[in-house]
Protein chains: 4
Amino acid sequence: MAEEKLNQPTEQAILEAAEKLFLEKGFEATSTTQIAKEVGCNQALIHYYFRTKDNLFNTIFEQKFRLFFQQLFNIEGVKSMGFEEKIRHLIISHFALLENNPQIPLLIIRELSRKPEQVALLREKLRELPEKLFAALNDDLQAEIKAGRVRPVSLIDIMIPAISMNVALFVMMPVVEQVLQMDEGQKKNLIEHRRNANVDFILHSIRA
Amino acid sequence: MAEEKLNQPTEQAILEAAEKLFLEKGFEATSTTQIAKEVGCNQALIHYYFRTKDNLFNTIFEQKFRLFFQQLFNIEGVKSMGFEEKIRHLIISHFALLENNPQIPLLIIRELSRKPEQVALLREKLRELPEKLFAALNDDLQAEIKAGRVRPVSLIDIMIPAISMNVALFVMMPVVEQVLQMDEGQKKNLIEHRRNANVDFILHSIRA
Amino acid sequence: MAEEKLNQPTEQAILEAAEKLFLEKGFEATSTTQIAKEVGCNQALIHYYFRTKDNLFNTIFEQKFRLFFQQLFNIEGVKSMGFEEKIRHLIISHFALLENNPQIPLLIIRELSRKPEQVALLREKLRELPEKLFAALNDDLQAEIKAGRVRPVSLIDIMIPAISMNVALFVMMPVVEQVLQMDEGQKKNLIEHRRNANVDFILHSIRA
Amino acid sequence: MAEEKLNQPTEQAILEAAEKLFLEKGFEATSTTQIAKEVGCNQALIHYYFRTKDNLFNTIFEQKFRLFFQQLFNIEGVKSMGFEEKIRHLIISHFALLENNPQIPLLIIRELSRKPEQVALLREKLRELPEKLFAALNDDLQAEIKAGRVRPVSLIDIMIPAISMNVALFVMMPVVEQVLQMDEGQKKNLIEHRRNANVDFILHSIRA
DNA sequence: TATGAATGAGCCTTCATTCAT
DNA sequence: AATGAATGAAGGCTCATTCAT
């Protein structure tokens, strides 16, 4: 309960090394020996701080998980916007979140099955979505449709493409990078382009 | 490289068991012991046929990989269609391919980094795309744009959303299933719905 | 169920080494590495044959356990004897059993708490005792008491001292050996003496 | 060696926790971590006070050992008794000692082999026996035999059964408890009964 | 073709111990 | 007096691989 106490530098270093490796290679492919080597400490020290590899992973997973979904549903200052502006803002926020945490979706996809407790947490988080955001947005959407500015389409059929396009970009990016031998600049350009392209695509698609 | 001699039944059984497990749990989390148990044979037999676990994995990876991209770019009988029909057909073909091989994208995303040799292969395959398909399709697209039936948009900016939406559906499906506690019927309905929803979304988005 | 199949020589060697070490030092103080060294094989081989240290121990424990209690209650040809002769024979049989398996009592005392399944087995074995032996013996005892040849005493109060004296000798022998710096000959003499001394003590004690 | 300065309360707490655990589970199966947890202190503190686990164990072993044998041979006020009364008193004293320290015999049996230094100590202690007790008692015994009140028997052949019966009761008690599923009351009754039964048995056995 | 036996390397974990504070 | 941090060694176990048959 009393979480977020200031970690010791070593504990923090372990967390960071573990985070890096778990995100990069997944739980199974990461060994505590590798983490220790990355930290530059004895392997037993990892168990001193976190007792088990599973524990260490859970700590990181939960933290990343919370961070991700808290930001995902944290959409302040949207109320005063027009509908199109809202959509644009939400997609760009989501995109930014992924840009800052590009490996989290794959982490969740990979490892959620190993963490049934987290499933419940996610379910709960997702339940907040309709009430806080979905309902309001849906009202706007229905108004837009009635006004003839948007074609008849359900909100979920807007959100799924939006989320899919954003997530897919970052999930598939490592493959694309490798295959197209992209350098950092090219990658940056691609991301920059997709940010707006995704928004445009959605907005074009829903126009009446 | 591609020796296509008919496999022995045992060799085939190993391949099938390995395929199932590798797709399900990934390379690291699958052991040759598990594969042997699944086949119902001796552990050493796997090495008799494939020498190393890596070898066995590569065989499957390459095969799945070929299958995936061959079908992806194999668009017979498209020529006679109209542009919209072509797009619809391509997306639905791609969707069907994913439906039949829902785990392949995750496999590639997960394991491609471990297989630099495969990257070259993929690159080569991708180079065929523009020549066989891309160019022809692009001609159609430019014609449609000139005719005012499609808004000005590059072909790649149509393909990326299309592929993204299809891939994201199947990559994220295991998480969605778990979180929403969907049964088989619900899952089937969702997939059925998305098949057409994805097409519609693309088509709506590109209309002038 | 189909137990007692002919063991491979290596498996047998492992069993023997493990038996020796487990009896000598107990479960906790014996490592699989030590067992492997004793056998002269790789440590992993022990897990190849028995999967876990616990499994290996259980195999030995159960075998020793069964052997011990089967012989304990296997008292053939006693029926035709007179009462005193019966008592003598039973004590000497028990003594011989301990002589051949001097470390088993300590093994059971040490490790039974770690093996709750075995407790049930032992309980069952012990339930056979009264029916097969105890009842008959008790009839004899009552007859002897009525005839005035034996003082009034319950059978259990004869058996407990008998068993105690026999067991205590072998359980305490390692300590006695060490403390008194006895050589093999002295030890043998002591055991030989106690064999008869124990019988005599019991017989003297119950005489009217 | 025997520095008898008053222990610090913490040191005392460690000793008590360690004693409890060592007696219960033996040296190998007890970890300094467990002891620290039992005490509620830091693990390092145990080494601060006792330097090594072995040292801590030796302290306890030696203390228990001394206590056990000092009381064993400490037979005050016996001189004025008659022979039978002496025997009775000695057995009951021994029994009481075991009742208060029921785990010590098993501790010694288990761990003496790991402590060759302690063997010398025990040997020395045992050498005091004949001088202080044995000789006097033997005189009494010979007198009794000569008087025809006791059958011809050596003192050692009285003492071994007496000690054996007492020790065996407490050494085997944990097994008996488990197997017969005895509750505390039943156990208490059994012990109470055996206390006198053991005395009676010895006395009956030596009568002429 | 197929298998049982065997092995070295690595994994996660626990342990006793040390050291600086 | 007491503690948190850190470590080397060892434990049990699994793994991919090899080899003789």
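How far apart do the closest C-alpha atoms of chain A and chain D lie?

1. The closest C-alpha atoms of chain A and chain D are 12 Å apart, and no contact joins these two chains. The model discussed in this note is predicted. Chain B and chain C likewise do not touch, with their nearest C-alpha atoms 12 Å apart.

2. The secondary structure of chain A comprises nine helices and zero strands. In sequence order the pattern is α-α-α-α-α-α-α-α-α. The C-alpha trace of chain A spans about 65 × 45 × 30 Å along its principal axes.

3. Regarding packing, chain A has 208 residues, of which 46% count as buried. When contacts in chain A are restricted to residues at least 6 apart in sequence, 70% of them join residues at least 24 apart.

4. The surface exposed by chain A amounts to about 10,800 Å², and carbon and sulfur atoms supply 52% of that area. As for charge, chain A carries 26 positive and 28 negative side chains; the centres of the two sets lie 2 Å apart.

5. The surroundings of DNA strand F consist of 34 residues, and the closest are B:K53, C:K53, D:N42, D:Y48 and D:Y49. Helix α3 (43-50) of each of chains A, B, C and D supplies at least two residues of the surface near DNA strand F. Helix α2 (32-39) of chain B and α2 (32-39) of chain C each supply at least two residues there as well.

6. Which parts of DNA strand F lie within 4 Å of the protein? Of the DNA atoms within that distance, 63% belong to sugar or phosphate, and the rest belong to bases.

7. Individual polar pairs illustrate both kinds of approach. On the phosphate side, a polar side-chain atom of A:N42 is 2.9 Å from a phosphate oxygen of DNA strand F. A polar side-chain atom of B:H47 is placed 3.1 Å from a phosphate oxygen of DNA strand F. On the base side, an N or O atom in the side chain of B:Q43 lies 3.2 Å from a base nitrogen of DNA strand F.

8. Is B:L45 buried or partly exposed? This residue lies in helix α3 of chain B. B:L45 counts as partly exposed because its relative accessibility is 25%, whereas buried means under 20%. Leaving aside residues up to four places away in sequence, B:L45 touches B:T10 and B:I14. B:L45 and B:E11 are 34 residues apart in sequence, yet their C-alpha atoms are 9.0 Å apart in space.

How values were computed. Residues are numbered from 1 along each chain as its sequence is written. Chains are lettered from A and ligands numbered from 1 in the order in which they are written. This is a predicted model: local features need pLDDT of at least 70, side-chain atom pairs count only at pLDDT 80 or more; totals for chains, interfaces and linings use all residues. Side-chain values use heavy atoms; hydrogens and water are left out. Helices (H or I, at least four residues) and strands (E, at least two) are DSSP runs, numbered from the N terminus. Buried means under 20% relative accessible area, exposed over 50%, partly exposed in between (1.4 Å probe, protein chains only). Contact means heavy atoms within 4.5 Å. Accessible areas come from the Shrake-Rupley method with a 1.4 Å probe; for residues, only the protein chains shown count as cover. Lys and Arg count as positive and Asp and Glu as negative; His and the chain ends are not counted. The place of a charge is taken as NZ of Lys, CZ of Arg, CG of Asp or CD of Glu. A residue is near a molecule or strand if one of its heavy atoms lies within 4 Å of it. A polar contact is a pair of N or O atoms within 3.5 Å; within protein, one must be able to donate a hydrogen and the other to accept it, and residues adjacent in sequence count only if both atoms are side-chain atoms.
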